[in-house]
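User: I am beginning to study protein structures and would be grateful for a close look at a single helix. Please explain where it sits and what surrounds it.

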Amino acid sequence: MDTSESSLALGVFCGFSTGPSDRYVQAATVLGAGLAARGHGLVYGAGGSGLMGAVARGAAEGGAPILGVIPEFLRAKEMNDHLPPQQIVLTEDLLERKRVMIDRADAFVALPGGYGTLDEVLEVVSMAALGQDVGPLVLLDVDDDWLPLLNYVERLEKRGFVRDAGILRVARTPEQALDMVAPASAAALALAGDPQGKQAAS
């Protein structure tokens with residue numbers, strides 16, 4: 001395990017499905033393994049299937065501590081999911097799940113996903129745009145999945161509805177995503193007087 005970086009609790013937003021090709025699962029697995037190799041912990045939605053499961057298994061195989069956050073109604077539906085060892089936090093609903101994940105993570109990487117992933121991404125972006133204390137977020141692109149969102153935000157900026165489209169940053173590989181969140185997170189934590197991070201997933 002590489003401990004040269006400050007340990008972060010890294011929140012990962014991603015889909016419950018595997019995506020249209022093996023590249024998506026591969027990217028998720030490499031992201032999980034990569035965060036573990038850098039000494040980070042994983043905060044995610046406690047799913048055992050799709051990209052969620054791939055990230056968690058990659059992180060677990062690398063020995064990363066994992067915090068899974070899931071509403072009770074979803075956990076009941078997914079009792080048969082195979083989950084790697086992790087701490088589970090049960091919430092009353094999706095809103096509380098999102099809040100716990102954001103509160104317990106130092107930085108965020110978003111793989112492609114559905115409505116839930118979009119909701120989580122936009123919550124973090126909205127908080128950042130309003131100057132709230134939230135960690136950096138990087139969109140991990142696999143096959144131009146985030147391009148429509150970036151184009152839409154650019155149009156919003158041109159029309160004066162958003163002021164900083166640059167909040168949405170894109171990485172092409174898991175390694176690049178991890179490189180992008182680490183320096184920004186370290187700077188934010190140092191300013192907050194917490195150089196070791198929140199340690200949410202430990």
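The answer below examines helix 2 and then turns to two individual residues.

Analyst: The model discussed here is predicted. Helix 2 covers residues 50-61, which makes twelve residues. From its first C-alpha to its last it reaches 17 Å, close to the 16 Å expected at 1.5 Å a residue. After the helix comes Gly63, whose phi is positive, near 85 degrees.

Consider next how the helix is placed. A residue is called buried when its relative accessible area is under 20%. Nine of the twelve residues of helix 2 are buried, so the helix is largely enclosed by the rest of the structure. The buried residues are Gly50, Leu51, Met52, Gly53, Ala54, Val55, Ala56, Gly58 and Ala59. Several elements take part in covering them: the cover includes strand 1 (9-13), strand 2 (41-44) and strand 3 (66-71), together with helix 1 (22-37) and helix 4 (94-104).

Of these elements, helix 1 may be described in greater detail. The axes of helix 1 and helix 2 come within 7 Å and cross at roughly 35 degrees, and the crossing is right-handed. On the side of helix 1, the contact is made by Tyr24, Val25, Ala28, Thr29, Gly32, Ala33, Leu35 and Ala36. Helix 2 contributes Leu51, Ala54, Val55, Gly58 and Ala59. Leu51, Ala54, Val55, Gly58 and Ala59 are also among the buried residues of helix 2. By type, the residues of this contact divide into ten nonpolar, three polar and no charged.

Two residues outside helix 2 may be considered in the same manner. Arg75 lies in helix 3 (residues 72-77). With a relative accessible area of 10%, Arg75 falls under the 20% limit and therefore counts as buried. Leaving aside neighbours within four places in sequence, Arg75 is in contact with Ala46, Ile70, Asp81, Leu83 and Leu90.

The second residue, Val109, is found in strand 5 (residues 107-110). Its relative accessibility is 0%, so Val109 counts as buried. Apart from neighbours within four places in sequence, the residues in contact with Val109 are Leu10, Gly11, Val12, Phe13, Leu31, Val138, Leu140, Ala177 and Val181. Val109 and Val170 are 61 residues apart along the chain, and their C-alpha atoms are separated by 9.5 Å.

In summary, helix 2 is largely enclosed by the rest of the structure, and helix 1 is one of the elements that cover its buried residues.

Definitions and conventions:
Residues numbered from 1 in each chain as written. Predicted model: local features only at pLDDT ≥ 70, side-chain atom pairs only at ≥ 80, totals over all residues. Heavy atoms only, no water. Helix = DSSP H or I, 4+ residues; strand = E, 2+ residues; numbered from the N terminus. Expected span 1.5 Å × (residues − 1). Buried < 20%, exposed > 50% of the residue type's maximum accessible area, 1.4 Å probe, protein only. Contact = heavy atoms within 4.5 Å. Axes fitted to C-alpha atoms, helices over the stretch in contact; angles between N-to-C directions. Left-handed = near helix turned anticlockwise from the far one by under 90°. Nonpolar A, V, L, I, M, F, W, Y, C, P; charged D, E, K, R; others polar.
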